[in-house]
Amino acid sequence: MSINKVTRRKALKLGVAASVLPLVHIRTAGAAGQVSIALWDHWVGQGNDVMKKQIAAFAEKNKVEVKADLIPSASGQILMVENAEAQAKAGHDIYALSVWEAHNHVDDLEPVDDVVGRLIAKYGKTNDAVEYLCKVKGHWLAVPSSSGTQTKGPEGRISILRDAAGLDVVKMFPGSGTTCPGLDAWTWDAHLKAAEACAKVGKNFGIGLGTTSDSVDFAGSLFAAYGAELVNAKGDITVRSDAVREVLEYAQRLVKLLPKDAVSYDDASNNRALISGQSALIFNPPSPWAVALKDAPAVAADTWHFPAPAGPKGRFLPYLPYMWGIWKFAKNKTAAKELLEYLMQRENVEARENATIGFDIPPFVSMLDFKIWETAEPPKGTLWNYPNHPWHKQVAHIAAMPAPPEIAVQIYNQGTMPTMFAKLLSGQSVNDVMAWAENELESFKRA
Amino acid sequence: MSGAVATAGAPSRPRRRASSQRGRAWALWGSYAALVVFVFVFLVPPFYMVATSLKSDADIAAEVGNPWLVHHPTLQNFIDLFMMPTFRGYFINSVMVTAVTVSVSMVISVLAAFGLTRLGFKGSAMLASSVFLTYLIPDSLLFIPLFQVVRALGLINNLWCLALLYPTLAVPFCTWIMIGYFSSIPKELDEVALIDGAGYLRMLWSIFIPVALPGIIAATIFAFTVSWGEFLYPIAYLYSSDQKVLTVGIAGDLIRGDVFQWGKIMAGCVVAAAPPIVIYAFLMDYYIAGLTAGATKG
Amino acid sequence: MADRSAVAVSLPPHRMVRRSFMRRLLERRSTVALLMCSPLFLLIAGLVVYPAFYALYLAMLNRRMTQFVGLDNFAFLLKRDTFRLVIFQSCLFAVSSVVLKSFLGFVLAHLMSNIPSGRQRIWRGLLLVPWVIPLALSTLGWWWLFDPSYSAFNYLLNALGIASVPWLGVAWPARLCMITVNVWFGTSFFMIMYLAALKSVPEQLYEAAAIDGAGTFQKMFYVTVPMIRNVISVTVLYSLIVTFANFDIVRILTNGGPESKTHVFATYAFQVGIQSGDIPLGASVSLFMFPLLAVFAYFVLRNVTRRGKEMTV
């Protein structure tokens with residue numbers, strides 16, 4: 001593949017992301033069957049184009065007619081269509097499911113142990129977060145995909161972090177190689193100090209306290225690093241623990257350093273905070289960097305991606321997987337499985353990876369050596385530490401894990417953790433917040 | 001009512017006349033002044049939307065300077081929008097769906113209103129008012145069970161499912177408007193028509209519809225507004241680009257994950273708002289006249 | 001009656017008998033009336049009533065939809081603090097929006113009718129702009145105005161030396177912002193409805209009232225309001241129902257935050273039902289206001305029908 005290099009011109013094209021041929025309907029002469037797939041409408045249009053080409057190639061090779069629809073996540077569309085289909089027991093054969101959706105549709109999904117089994121045999125293991133979200137009672141209910149899968153580590157301004165906070169992130173987390181000299185020093189305490197220093201020069205960390213996923217993922221990473229669980233793996237409410245108290249005390253100091261409107265942040269607010277140059281650091285996949293390449297080149301050239309801070313219990317990287325599930329009511333499960341296996345072949349994943357400038361994270365550790373993360377620029381190497389490399393010693397984590405998923409999904413989607421932080425900001429005491437959370441969690445245990 | 005008015009105080013007349021003329025002038029200028037304030041407040045967001053649509057992405061991203069001013073005006077957003085092959089499709093889809101929805105809604109509500117008011121049957125009065133109760137079930141709930149119905153009709157991801165669903169949002173109110181209008185037409189008119197030997201349908205077609213035209217226009221405009229702006233049904237049922245309508249297309253194509261293309265989104269708003277504004281500009285007088293006649297009845 | 005006509009159609013006993021019977025039936029006013037209403041019935045039965053009952057059934061299932069639990073979901077909701085906040089916020093949002101819209105619409109309609117009718121067109125046109133922009137899009141515009149990092153409103157405040165307001169970041173300002181957006185959007189509709197109604201009030205009534213010495217406010221309360229009461233009732237009813245069901249404004253502006261203090265029924269139902277995989281509970285949230293609003297609507301509509309009859313007589 002020769003498109004590893006991200007040129008400015010290529011980035012310019014990102015802006016007009018709507019793809020030219022959004023509906024794929026491939027008819028092959030003598031098609032032996034038909035299969036339909038609902039894909040996440042990738043925010044990078046070129047990713048969609050490559051995906052469509054791959055699907056066309058599959059259709060050609062297997063003499064199958066494939067109907068592919070790209071469904072945007074904007075305004076919750078991908079979720080609404082998904083739920084309507086699940087209710088009506090009709091729709092696409094394959095559906096792109098976000099984070100919690102396999103668990104939300106346990107009874108509607110066809111196990112895909114065979115497909116995932118073969119993929120794991122070929123490409124090695126995935127990670128804990130993927131297993132937690134895709135595997136139910138020992139069975140894979142969805143094929144972990146790369147399209148849309150992202151991590152949300154810190155994404156910071158090189159110059160501001162260096163000048164205001166004394167953190168040389170490029171040295172600490174170099175843009176190539178397999179060592180990170182600054183890893184051990186990068187703790188949540190160091191994070192707090194840096195946040196304080198940057199706030200002093202008016203470049204607050206753009207961390208949100210809303211209820212959308214960026215806010216939740218940040219909070220989840222912080223909770224996990226202290227070993228704080230709102231609900232434990234057995235399903236008991238464990239709010240009143242020293243670990244949770246520790247997190248809240250930490251948060252009490254942190255929330256004062258955040259932008260004034262942090263509670264009303266949504267997933268786009270932190271992007272803007274970084275792109276506009278108002279913020280020294282956000283927790284996000286590299287979409288703001290990619291947008292800044294076009295809209296604010298100076299900011300982009302000064303942006304670096306690096307691992308999450310560590311706490312007493314380890315380093316936890318927010319990891320949001322997308323997956324592909326096959327509905328039980330699907331009409332052509334065989335072809336569906338073949339298609340998914342085909343799409344997750346290394347060369348196909350890499351081709352899409354190149355098209356999306358490294359945004360997508362493959363679910364298999366063995367695929368983390370794609371060249372794109374090394375070559376993407378400016379600055380060169382900025383994406384090298386975006387995927388969760390083994391030497392980062394990070395645990396891929398989703399907020400509220402390891403609570404039983406039917407409870408965790410509510411903690412996640414109702415933003416219980418960032419809401420706790422928001423309550424601290426509004427002046428409530430740690431005890432008040434714990435009491436509130438306890439009461440709130442009680443209602444999530446509904447069977 | 002008249003009793004209450006009669007008991008109100010009655011100052012001497014000559015003085016009242018002079019003061020009432022001055023009062024009227026005051027009322028006129030006062031009204032203008034108040035209207036200016038209202039118009040100003042109402043137009044702040046649209047103004048800001050237009051201003052944003054004229055800014056470049058880089059200007060918007062920089063977040064410096066006075067946001068109310070356009071420092072480097074550009075039509076690039078509009079150009080990009082119209083160059084998007086999908087966007088024109090959305091626009092045409094919106095126009096087609098709206099046209100069909102409005103026609104379907106009007107046929108249904110005119111027939112029903114006529115039947116309920118001019119012919120009537122046992123319980124028609126009660127029915128006439130209970131049609132309104134359909135609004136009580138929000139579309140945010142209905143879209144899930146409706147998926148089955150729409151699918152049974154083979155209309156999932158088909159633009160024309162909207163021509164079926166939108167009337168549920170427009171028809172009750174349109175029927176109410178038409179009921180009001182039809183009841184305002186004197187009873188003698190049907191008698192004349194019946195003596196003439198016309199059947200009911202012909203009576204409706206050749207006598208009542210021409211007379212009720214203002215009411216029909218009013219209801220049409222209402223149906224138009226509802227179906228042009230509806231967001232939830234298209235988002236639940238339409239996902240391929242060749243089937244989407246304007247509202248959903250703008251949101252889906254220009255909000256990419258966590259990336260908002262504000263300039264183009266706002267340009268899209270401006271373009272989406274243009275057709276209704278034009279229609280209202282031309283048909284407003286009929287709209288008001290149509291609502292007026294039925295206003296006291298309903 | 002509907003049954004009889006159905007039977008007549010489905011049975012083909014004796015041709016002549018049937019034809020004359022059919023003809024007689026078709027000539028009856030009420031049969032024709034029913035036929036004319038049938039598209040309406042079909043539409044509502046198929047696309048509202050049937051799915052509504054299905055939704056009601058959904059609302060009575062457990063989370064995994066494996067068990068019928070009756071009204072347990074509603075009981076469960078009532079016990080939750082967060083949901084009580086949702087009730088409060090929904091009522092606050094809907095009632096205050098509708099009251100404000102109605103009041104401002106009434107004022108605007110009067111202002112409008114004060115000026116010569118030839119001049120009205122331009123003013124009406126300008127005032128209708130909010131109503132004609134699709135709400136989901138104009139709310140995005142508002143959100144952009146309130147935007148946390150770069151609020152255009154805050155820019156103006158700062159220029160006047162006033163500190164920035166975290167519009168959507170604190171519960172009460174956020175609530176007010178939502179109401180503002182809704183009022184902005186809906187007032188024009190009220191204005192048009194009221195303006196039309198005002199024109200229907202015979203001028204003689206005002207003249208008579210003037211002769212009796214009624215002042216502006218007396219005219220308003222003893223002539224205008226009683227004459228346009230039906231329009232007020234129906235417009236308020238319609239708007240109240242629709243505002244209670246509003247989804248776009250809250251979803252876009254705050255998504256229920258901060259601290260879940262701005263959720264309304266629709267957004268909370270979405271979060272619980274669609275996002276958190278508990279469709280039955282989401283359906284219960286959506287249906288929660290139904291009984292109350294239905295009773296309210298019933299009385300309003302009964303009065304409207306009654307008054308309508310009096311007027312016609």
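**Helix packing, chain contact and overall dimensions**

In chain C, helix 14 (residues 265–275) packs with helix 15 (residues 279–287) at an angle of about 170 degrees, and the axes lie 7 Å apart. Angles over 145 degrees count as roughly antiparallel. Helix 14 of chain C and helix 15 of chain C are therefore roughly antiparallel to each other. On the side of helix 14 of chain C, the contact is made by C:Phe265, C:Ala266, C:Tyr268, C:Ala269, C:Phe270, C:Val272, C:Gly273 and C:Ile274. Helix 15 of chain C contributes C:Ile279, C:Leu281, C:Gly282, C:Ala283, C:Val285 and C:Ser286. By class, the residues of this contact comprise 11 nonpolar, three polar and no charged. The model from which these values were computed is a predicted one.

Chain B and chain C are also in contact, with 93 residues taken from chain B and 90 residues from chain C. On the side of chain B that touches chain C, the most residues come from helix 14 (residues 262–295) of chain B, which gives 18. That side of chain B consists of 71 nonpolar, 20 polar and two charged residues.

Chain A contains 20 helices and 15 strands. The C-alpha trace of chain A spans about 65 × 50 × 35 Å along its principal axes. The radius of gyration of chain A is 21 Å, which agrees with the value near 22 Å for a compact globule with 447 residues. Of the 447 residues of chain A, 61% count as buried. Among contacts in chain A between residues at least 6 apart in sequence, 80% are between residues at least 24 apart.

Terms used
Residues numbered from 1 in each chain as written. Chains lettered and ligands numbered in written order. Predicted model: local features only at pLDDT ≥ 70, side-chain atom pairs only at ≥ 80, totals over all residues. Contact = placed C-beta atoms within 7 Å. Helix = DSSP H or I, 4+ residues; strand = E, 2+ residues; numbered from the N terminus. Nonpolar A, V, L, I, M, F, W, Y, C, P; charged D, E, K, R; others polar. Axes fitted to C-alpha atoms, helices over the stretch in contact; angles between N-to-C directions. Parallel < 35°, antiparallel > 145°, perpendicular 65-115°, else oblique. Rg over C-alpha atoms; globule rule 2.2 N^0.38 Å. Buried ≥ 20, exposed ≤ 12 C-beta atoms within 10 Å, placed from the backbone.
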